[in-house]
Structures are given as C-alpha cells and as structure tokens.
Amino acid sequence: MKSVSATAPGKIILFGEHAVVYDVPAIAIPVPGVCAQVLVSTAPRGTGILLKNLSTGQMSAVDLTSSDPIARMIRTVLDFARVGALDVTLTLESSIPIASGLGSGAAVSTAVARGLSRFLDLALDDHALNGMVYEIEKMHHGTPSGIDNTVIVFEQPIWFQREHPIEMLSFGAEFTFLVADTGMSALTKAVVSDVRGFYDRHVRFVRSVLDEIAALVVAARSALARGDAVGVGGLMFANHALLQTLSVSSGELDLLVGVARDAGALGAKLSGGGRGGNMIALVCSADAQRISDALYKAGAVRVIETVLRR
Ligand code: PMV
C-alpha cells in the first residue's frame, strides 16, 4: 500500500491588499504555524476517490463532475496526469481558519494537488501547480489577484504584482508578527466588488489612494530589506489608514489595531479583504506575549505569532 503526504501553509498579506487588484505591488508572507495537510493512500480496487475531512468530520465519495473546489482540484491533477480513474483515500486536515484572510482555500487546494501529484509520481513544478491553484481560486473569489496561491505554493515571502514575474524577498532582520482574528468573517469577493464600485464612482480619489499605497509598498520593501522594524511598523499604520479610506476596515479591526498600538506594537493594520478577518501587528519579540494578551482581552478570538527569519 502506498501512502504519501503533503502540506501547505497559511499566508497573510503584509502590504498592498486591494490595491494589488489594480496592479499595485503587494508583499505577502507564509504563516507556517497553521497549515493544510493531506495524506493520500491506496484504497481497495473499485473504491474510487474517498475524501475524509478530519476538520469537518465528513467522509464522502468525490464526484469528479461536481463544481466543489476540492473535486475540481483533484480533476485538474488527474487530467494533467491523463489518469481516468483512481482508487485512493484523501485524508485532509486543516488548522487554517476559514474565510479570515489566511488563505485556507488556496492551502487546501495546494496540499491536495501536491499530495495527489506525489502519489502519481508526477513532475509537477511549483509554477504549474500555482497556475492550477489559481484556477480553483477563481471559483472561490471571482477575480482574485493570485497573491494567495503564489505565497502558499512557494512558501516564501513574496513581492507580487499582477502580470509580473514573482520575486522572492529576503529580510535584513528577524521580524515577529502577531496575527489577530476579529472572529468576524467577511466575503473577500463582496469587499473587492464594493471597492470596484467605489473606484468606478470616484476614480480620481481612489487612484490617488492606490498611488499612495504603491509608494508605501515600495518603501516597505526597502525597510524590510534593511531590517528597519520601526520603519516597517510606521508603514503598516499608514497602510491601515489608507485602507480605512477605501472603507474596507471595520470597528473590530480598528479596535485591534488601536489596542496593538497602545500596547506598544511597532505597526499594525488589517490584512486581506477586510471588514472582518485578521489584523497583523509587528512587535518586538520581548513584547509579543503582552501584546497578544491585550489583543485577546480586546476581543480577538485567536492570536497567532509568526516569525519571519532573515
Ligand atoms: O482576504 P484574503 O487574504 O484572501 O485577501 C484578499 C486580498 C485582496 O487584495 C483584497 C483581493 C485579491 O484577490 O488580492
């Protein structure tokens, strides 16, 4: 009996969400403290493809004709491998919270595709895998920029700009981040569509905000490369303020950003689609526990610490 496993991390956007949809560059980092993992094992002949989802407790036969994202991902890999039928069990488990900007959908797709391609001994490189996961992302998000699948597939901090080659980033120091979940879920697709409406109605204003975000992302790249935590932090607060003007923040996000700042964080901002989901704060590692406690006290339902090594 053959059995192979694969994992994919969560992710978080550090700078440039929403603006990235309008071709502004963005910076995103993997969050390895949460992940999706899949085990692919041989099943008795005639079983077909069985999916055991340990996170939901569900077990079901996969209907390859359905539009379910996992079924579509499996079908994409089987088509790539020119395999018509397969008897396998896919056991899936994910610790990535759903619909909170940590890339749960892209990570599940990536782990499933990686696990299955390893099981089939396929030569599927990360660029091809990234393209496949992006196609599935479109089902979740409509017109996603592609940032989620890219950072998750490559598992490295990235500089991402639509229609440009992906660049991997390295940093001049170790940075400690706290990712705090408001507990409110919001549909990225709906928020992206609201921003589009705002853009169409007030194109000059929104363009000027996007230009400011673009300048700030470029400055953030240099500050990260220099290891300038104070500089990065200031740019995070500035990015949050610009996202507020695009009306993608929320009372809960603003509260957590304020609490992080008052507790001594070097920077904080909402991350991802907004109107709920997560905020991210940059902290000195010695202050992480205290700031994390303050965030919980203010209503965060989960705080994940993630360290970016140089
Ligand atoms: O909510 P998330 O983390 O999936 O991020 C969405 C990021 C947006 O820039 C708002 C949309 C996109 O497709 O890039």
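How do strand β8 and strand β10 pair, and over how many bridges? Strand β8, residues 175–181, runs antiparallel to strand β10, residues 278–283, and six bridges join the two. Keep in mind that this is a predicted model. Below is a quick tour of the sheet those strands belong to, the ligand and its surroundings, and one loop residue, L120.

**The sheet**

- β8 and β10 are part of an open sheet of four strands, ordered β9-β10-β8-β11, with antiparallel pairing.
- The edges go to β9 (267–271) and β11 (302–308); each has a single partner strand, so one side of each has no neighbour in the sheet.
- On average, neighbouring strands here are turned by 25° against each other, if you ignore direction.
- For a concrete spot in the β8–β10 pairing, look at D181, whose bridge partner in β10 is N278.
- Helix α7 (residues 229–245) packs on this sheet, where it touches β8, β9 and β10. The direction of α7 makes about 40° with that of β9.

**The ligand and its shell**

- The ligand is surrounded by 15 residues, and the closest are K11, H18, S145, T188 and G273.
- Sorted by class, that shell comes out as six nonpolar, six polar and three charged residues.
- Two backbones come up against ligand oxygens: a polar backbone atom of H18 sits 2.8 Å from an oxygen atom of the ligand, and a backbone N or O atom of G101 is 3.2 Å from a ligand oxygen atom.
- D148 joins in with its side chain, where an N or O atom is 3.1 Å from an oxygen atom of the ligand.
- How much of the ligand does the protein cover? On its own the ligand has 380 Å² of accessible area, and the protein covers 94% of that.
- The elements giving two or more residues to the shell are β1 (3–15), α4 (147–154) and α5 (188–201).

**A look at L120**

- Where is L120 found? It's in the loop between α2 (104–119) and α3 (126–141).
- Setting aside neighbours within four places in sequence, L120 is in contact with V77, L78, A81, V83 and L86.
- From L120 to T306 it's 186 residues along the chain, and their C-alpha atoms are separated by 33 Å.

Key:
Residues numbered from 1 in each chain as written. Predicted model: local features only at pLDDT ≥ 70, side-chain atom pairs only at ≥ 80, totals over all residues. Heavy atoms only, no water. Pairing = 2+ DSSP bridges. Axes fitted to C-alpha atoms, helices over the stretch in contact; angles between N-to-C directions. Contact = heavy atoms within 4.5 Å. Near = heavy atom within 4 Å. Polar contact = N/O pair within 3.5 Å; in protein donor to acceptor, adjacent residues only side chain to side chain. Areas by Shrake-Rupley, 256 points an atom, 1.4 Å probe, with all protein chains shown as cover. Nonpolar A, V, L, I, M, F, W, Y, C, P; charged D, E, K, R; others polar.
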